[in-house]
Amino acid sequence: MPELPEVETTLRGIFPKANKQTIKQLIIRNSSLRWPVETNLTKVLAGLVIQNITRRAKYLLLQTEKGHIIIHLGMSGVLRILAHGTAVKKHDHIDLVLENGYLLRYNDPRRFGCFLWTDQPIAEHKLLNNLAPEPLTDDFNADYLFIKCQSRKLPIKTLLMENKSVVGVGNIYANEVLFATSISPIRPANKISQQETKLLCQNIKKILTRAIEQGGTTLKDFLSPDGSPGYFVQQLAVYDKKNQPCPNCGTQIIKIIQAQRASFYCPDCQQ
DNA sequence: ATGCGGACCTGTTAGC
DNA sequence: TGCTAACAGGTCCGCA
């Protein structure tokens with residue numbers, strides 16, 4: 001479900017109620033996420049203070065005085081801030097109960113997400129130490145992207161979705177960014193020109209930024225922590241638009257499968 | 001090192 | 001209407 005804008009929306013939603021709060025209790029109803037949630041975390045976390053909450057790629061990092069909680073929402077995860085005593089629903093796997101009367105509740109039907117603890121320096125964690133630069137910082141720029149593309153023959157769409165090259169861009173935004181840049185998803189990465197990587201880089205930043213401003217993209221069930229949906233879906237040009245007219249030229253959008261993921265593009269505008 | 005396919009899950013929708 | 005198959009926003013891992 002969530003790409004970077006949805007995770008950023010989640011961060012902004014939980015921050016005001018969860019940051020600087022003391023953890024009263026951790027409740028694990030179902031520990032079987034992507035990796036098992038360690039049951040001894042209930043002891044480790046009790047009494048710790050959430051000193052800061054940040055995002056790295058699509059990971060949410062809750063910093064405490066003894067280490068970090070690493071949360072990923074996978075395909076279908078949702079984090080919400082709720083009052084103590086709020087009734088539990090299906091797939092409400094974890095509660096982080098806070099001392100201010102609220103709790104952070106993790107719901108994830110498909111259980112592709114994770115809830116991990118580490119006391120190692122966070123940047124060195126195995127899941128984080130090989131990630132591309134944050135796309136909305138200056139470290140992610142045209143020169144960086146060009147060098148990454150130069151040495152690779154895989155389709156550009158696939159490169160945009162691998163976390164060692166680009167983070168935060170999932171299937172929806174990979175399709176949208178390539179449309180905005182008039183590049184076919186099947187073009188080999190090493191056939192992208194320097195000028196095109198510049199435009200690609202600009203469009204990644206532009207589209208992610210705009211999506212964040214709209215509160216993310218709600219396709220089926222994404223809700224921000226306050227329960228509101230995202231509105232970026234209204235601005236999608238090609239994603240899930242098979243057989244619909246291209247907004248530029250009217251040609252029918254086609255759907256193909258790349259790396260087992262659906263790609264949508266205009267065969268006329270995108271070469 | 002690269003690139004591909006499988007794996008992990010449940011819920012919803014498309015198609016017969 | 002009902003059953004079945006396909007598909008869904010992610011990404012790690014193992015293999016060639």
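**Exercise 1.** In this predicted model, find the angle at which helix α3 and helix α6 pack, decide how α3 is oriented relative to α6, and list the residues that make the contact.

*Solution.* Begin by locating the two helices, since α3 covers residues 142-150 and α6 covers residues 194-213. Their axes are 8 Å apart and the packing angle is about 120°. Next, compare this angle with the range from 65 to 115 degrees that counts as roughly perpendicular, and with the values over 145 that count as roughly antiparallel; the angle falls in neither, and therefore α3 is oblique to α6. The handedness of the crossing of α3 and α6 is right-handed. Finally, turn to the residues: α3 contributes Ala-142, Asp-143, Leu-145, Phe-146 and Cys-149, while α6 contributes Gln-194, Thr-197, Lys-198, Leu-200, Cys-201 and Ile-204. Sorted by class, this contact of α3 with α6 holds 7 nonpolar, 2 polar and 2 charged residues.

**Exercise 2.** Determine how helix α5 is placed against α6, and state which classes of residue make up their contact.

*Solution.* Helix α5 spans residues 171-180, and it packs against α6 at an angle of about 130°, with the axes 9 Å apart. Because of this angle, α5 is classed as oblique to α6, and the crossing of the two is right-handed. On the side of α5 the contact is made by Tyr-173, Glu-176, Val-177, Leu-178 and Ala-180, and on the side of α6 by Leu-200, Asn-203, Ile-204, Ile-207, Leu-208 and Ala-211. When these residues are sorted, the contact of α5 with α6 has 9 nonpolar, 1 polar and 1 charged residues.

**Exercise 3.** Work out the orientation of helix α1 relative to α6, and name the residues through which they meet.

*Solution.* Helix α1, residues 4-18, packs with α6 at an angle of about 40°, and the axes lie 9 Å apart. An angle has to be under 35 degrees to count as roughly parallel, so α1 is oblique to α6. The crossing of α1 and α6 is right-handed. In α1 the residues Leu-4, Pro-5, Glu-8, Thr-9 and Arg-12 meet Leu-208, Ala-211 and Ile-212 of α6, which gives 5 nonpolar, 1 polar and 2 charged residues in this contact.

**Exercise 4.** Describe the protein surroundings of DNA strand B, and identify which side chains approach a phosphate oxygen or a base nitrogen.

*Solution.* First collect the residues that surround DNA strand B, among them Lys-90, Pro-109, Arg-110, Arg-111, Phe-112 and Lys-164. The surface near the strand divides into 3 nonpolar, 2 polar and 6 charged residues. Then look at the strand itself, where 56% of the atoms within 4 Å of the protein belong to sugar or phosphate, and the rest to bases. An N or O atom in the side chain of His-91 is 2.7 Å from a phosphate oxygen, and a polar side-chain atom of Arg-152 lies 2.4 Å from a phosphate oxygen. As for the bases, a base nitrogen of DNA strand B is 3.0 Å from an N or O atom in the side chain of Gln-260.

Technical notes: Residues are numbered from 1 along each chain as its sequence is written. Chains are lettered from A and ligands numbered from 1 in the order in which they are written. This is a predicted model: local features need pLDDT of at least 70, side-chain atom pairs count only at pLDDT 80 or more; totals for chains, interfaces and linings use all residues. Side-chain values use heavy atoms; hydrogens and water are left out. A residue is near a molecule or strand if one of its heavy atoms lies within 4 Å of it. A polar contact is a pair of N or O atoms within 3.5 Å; within protein, one must be able to donate a hydrogen and the other to accept it, and residues adjacent in sequence count only if both atoms are side-chain atoms. Ala, Val, Leu, Ile, Met, Phe, Trp, Tyr, Cys and Pro count as nonpolar, Asp, Glu, Lys and Arg as charged, and the others, Gly among them, as polar. Axes are lines fitted to C-alpha atoms, for helices over the stretch in contact, and angles run from 0 to 180 degrees between N-to-C directions. Helices (H or I, at least four residues) and strands (E, at least two) are DSSP runs, numbered from the N terminus. A crossing is left-handed if the near helix is turned anticlockwise from the far one by less than a right angle, and right-handed if clockwise. Contact means heavy atoms within 4.5 Å.
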